[in-house]
Amino acid sequence: MPQSELKILRDKVDSIDGEVVELLAKRFEVTAQIGKLKARESLSPVDPNREADQIKRYQHLAASKGLNPEVLVNVFRVIIDDVVRRHRET
């Protein structure tokens, strides 16, 4: 593969990574609002039913896009765990 073609593809990956980071920042903004609401309403920072539903949803989304469901669930597990940690701190 010519070096210029490799650079073009890597630049595309970098751009997509930037978009992913932007979306994650938006997601964390919304989950911060959820954490404040839960704290205000004295709700548990963890909702096992919601998490189970989300895991199923991630598996379905991954499969529908030809991705490895286990990998996608692992990515979101890290995100969810951080959200729960932040909610506990609220």
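1. Starting with the second largest pocket: in this predicted model, its lining is made up of Ile16, Glu19, Val20, Leu23, Leu24, Arg27, Val75, Phe76 and Ile79. The space inside comes to about 210 Å³.

2. Where do those residues sit in terms of secondary structure? Both α1 and α3 put at least two residues each into the lining of the second largest pocket. α1 has the largest share there, with 6 residues.

3. On chemistry, the lining of the second largest pocket breaks down into 7 nonpolar and 2 charged residues, with no polar ones. If you're looking through the list for the charged pair, they are Glu19 and Arg27.

4. Now the largest pocket, which has a volume of about 530 Å³. It is lined by 22 residues, and the ones closest to its centre are Arg27, Arg50, Gln54, Tyr58 and Ile80. Three helices, α1 (3–40), α2 (48–64) and α3 (69–89), each give two or more residues to this lining.

5. Which element gives the largest share of the lining of the largest pocket? That would be α2, with 7 residues. By class, the lining of the largest pocket counts 12 nonpolar, 7 charged and 3 polar residues.

6. One residue to keep an eye on when you go through both sites is Arg27. It's in the lining of the second largest pocket, and it also belongs to the group closest to the centre of the largest pocket.

Conventions. Residues are numbered from 1 along each chain as its sequence is written. This is a predicted model: local features need pLDDT of at least 70, side-chain atom pairs count only at pLDDT 80 or more; totals for chains, interfaces and linings use all residues. Side-chain values use heavy atoms; hydrogens and water are left out. On a 1 Å grid over the protein atoms alone, a cavity is a set of points where a 1.4 Å probe fits but cannot get out, and a pocket is an open set with protein on both sides within 12 Å along at least five of seven lines; lining residues have an atom within 4 Å of a point. Grid points are joined across faces, edges and corners, and a volume is the space filled by probe spheres set on the points. Helices (H or I, at least four residues) and strands (E, at least two) are DSSP runs, numbered from the N terminus.
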